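Please read this briefing with the sequence and the structure side by side. The points are grouped by topic.

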2 protein chains.
Amino acid sequence: MAKLSFKEQILRVREDAIIASVNRLLADKGYDLMTVDEVAAEVGIAKASLYKHFPSKETLAAAAMVRLLQRALAFVEQQAGLPELSAFGKLRAVTRWLLEIQLAGEMPTLPAQNSSLRAALMADRKYMDALMLASDHLGHWIVQAQTDGDIDPQFPPEVVLYTVFARACDPVPGFLKAGEKFSDEQIVDWVLSICMRGLQPAKAQNNARPGKTLRD
Amino acid sequence: MAKLSFKEQILRVREDAIIASVNRLLADKGYDLMTVDEVAAEVGIAKASLYKHFPSKETLAAAAMVRLLQRALAFVEQQAGLPELSAFGKLRAVTRWLLEIQLAGEMPTLPAQNSSLRAALMADRKYMDALMLASDHLGHWIVQAQTDGDIDPQFPPEVVLYTVFARACDPVPGFLKAGEKFSDEQIVDWVLSICMRGLQPAKAQNNARPGKTLRD
DNA sequence: GTCTATAAGAGGATAGAC
DNA sequence: GTCTATCCTCTTATAGAC
C-alpha cells in the first residue's frame with residue numbers, strides 16, 4: 001500500500017510537470033501552434049510516454065485549463081473571505097489577477113473557434129465545476145456592486161462578467177510589454193484602470209457609499 | 001490594349017472574390033484553421049489555380065489584411081473630414097466601426113504569435129502604409145481628445161491607441177451574440193460605452209468641453 | 001490560367017519491445 | 001511506463017497536361 005502511494009506520488013509529480021509545460025507552451029504559442037512533440041521534448045520524455053498520461057492533445061490542453069481555473073477559483077474564494085473589501089474591490093482584485101497572470105506569460109489560451117476542444121472542456125467535470133463556482137462568486141459581486149452604485153446598473157451582469165473574463169486574453173498588455181517602455185506594474189495599472197472605470201456609472205464615479213470611504 | 005485591360009479586369013474581379021472568401025474564412029476560423037483547400041472550394045477554382053494568383057497561404061492572408069486596413073483607412077479619412085465632430089467623437093466612431101465589422105463576421109483575425117506571418121505583413125508596403133496613415137490620424141485625435149478633457153491625460157497615447165485597436169478582436173461581442181439574448185446594436189452600444197468610458201477622465205466625465213468647471 | 005495528380009512534410013497518434 | 005520506430009491523415013505547395 002505504501003509502495004502504491006509512492007508510485008502515485010511520482011506519477012502526480014510527473015503529470016504536474018507535464019501540465020506546467022503545457023501551460024507555458026499554451027501561453028506562449030497557443031493551442032494550434034503547440035505540438036505534442038514540443039511538450040514531450042520540454043518535459044524530457046518520449047511522446048509515446050506522454051500519451052500514456054494524457055490520451056490526446058485535447059486532454060492535455062484541458063488539463064492545463066483545469067489547473068488554471070482551480071488557481072483562479074482559489075483566488076476568488078480568498079477574496080470572498082474579505083468582508084471589509086467591497087464587491088467592486090473584489091472584482092477589481094480578480095481582474096488584476098487575470099492581467100498579472102497573463103502578463104507573466106502564465107495564461108494558457110485556446111482558440112475561441114475550435115468547437116471540438118470546447119466540447120472536451122465542457123465534458124470535464126472539474127473544469128465546469130470550477131468555472132461555475134467562480135462565475136457564481138463574480139455574478140454576486142457584480143449585482144452587489146451595481147446596488148452599491150459602483151457599477152452602472154444599465155449593464156446586464158453578463159456583460160460585466162464577460163468584460164472581466166476578457167482581460168485574460170486582452171492583447172493590450174502584451175503590445176505594451178513588447179514596446180519595452182513601461183513596467184509590468186504600470187501596464188497592469190493602466191489596463192485595469194481603463195477596464196474598471198468603463199464599468200462604473202457615468203455621472204457619479206467617485207461618490208462614496210454610505211459607510212464606506214476611500215476606495216480606488 | 002483594350003483586350004489586355006479587359007483581361008486585367010477579369011483578373012481583378014477574381015482576385016477580389018478570392019480575397020473576400022479568405023476574409024470570411026479568416027473571420028470564421030482564424031488563420032491556422034483556415035485551409036487553402038477550403039478557400040479554393042469556396043471560390044470554386046482548383047487549388048493550383050489559386051496558387052497562380054497568390055504564391056502562398058501567407059500572402060493570401062496578407063491580402064485580406066490589406067483589404068481590411070484599406071477599408072479602415074477609408075473610414076478614418078472620412079471621419080477626418082468632419083470638422084464639427086470632436087476628436088473624441090471620431091475615436092468613438094472608429095471604435096464603433098471596428099466592433100460592427102467584428103460582430104458582422106467580417107474581421108479577419110491572425111494569430112498574434114505567428115512571427116513568420118507578421119514578417120510577411122511588415123514587408124507589405126500597402127499594409128504598412130495604410131496602418132501608418134490610420135495610426136497617425138488616431139494618434140492626433142487621441143492627443144486632441146486629451147487636451148479637450150475627453151480622455152484622461154494620464155494615459156500615454158499608445159495605451160489609448162491599443163485599447164481602440166483591441167476592439168477588433170474583443171471576444172466580448174462574440175460571447176454576447178452567442179447568448180442570443182441581445183441585438184447586435186445593443187451589444188455594440190454596451191461594449192463601446194464601456195470602452196470609451198474607461199478612457200475618459202475619472203472625475204469629470206460628462207462635462208461639456210467649452211467651459212469645463214464641475215469639480216477639478 | 002485552369003485543371004488533375006502528386007510530391008513533401010508536419011504533426012497527432014499507436015505498435016511493440018523492454 | 002518508458003522507449004524507438006512507424007503509421008496515417010491532413011495540408012501546403014508544385015508538376016505537367018491542356
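**Contacts with DNA strand C**

A polar side-chain atom of Ser49(B) is 2.8 Å from a phosphate oxygen of DNA strand C, which fits the definition of a polar contact (a pair of N or O atoms within 3.5 Å; within protein, one must be able to donate a hydrogen and the other to accept it, and residues adjacent in sequence count only if both atoms are side-chain atoms). This is a predicted model, in which local features need pLDDT of at least 70 and side-chain atom pairs count only at pLDDT 80 or more, while totals for chains, interfaces and linings use all residues. Residues are numbered from 1 along each chain as its sequence is written, chains are lettered from A and ligands numbered from 1 in the order in which they are written, and side-chain values use heavy atoms, with hydrogens and water left out.

- The backbone takes part too: a polar backbone atom of Ala46(B) lies 2.5 Å from a phosphate oxygen of DNA strand C.
- For Lys57(A), a polar backbone atom is 2.9 Å from a phosphate oxygen of DNA strand C.

**The surface near DNA strand C**

- There are 17 residues around DNA strand C, and those that come nearest are Val36(A), Tyr51(A), Arg14(B), Ala46(B) and Ser49(B); a residue is near a strand if one of its heavy atoms lies within 4 Å of it.
- Of the atoms of DNA strand C that come within 4 Å of the protein, 55% belong to sugar and phosphate.
- At least two residues of this surface come from each of helix 2 (36-43) and helix 3 (47-53) of chain A and helix 1 (2-29) and helix 3 (47-53) of chain B; helices are DSSP runs (H or I, at least four residues), numbered from the N terminus.
- Helix 3 of chain B gives the most, four residues.
- By type, the surface has eight nonpolar, four polar and five charged residues. Ala, Val, Leu, Ile, Met, Phe, Trp, Tyr, Cys and Pro count as nonpolar, Asp, Glu, Lys and Arg as charged, and the others, Gly among them, as polar.

**How the two chains are related**

- A turn of 180° and a shift of 0.1 Å along the axis lay chain A on chain B with an RMSD of 0.1 Å; copies are superposed by least squares on the C-alpha atoms of residues with pLDDT of at least 70 in both.
- That is the relation of a two-fold axis.
- In chain A, Gly198(A) has the C-alpha nearest the axis, 1.8 Å from it.
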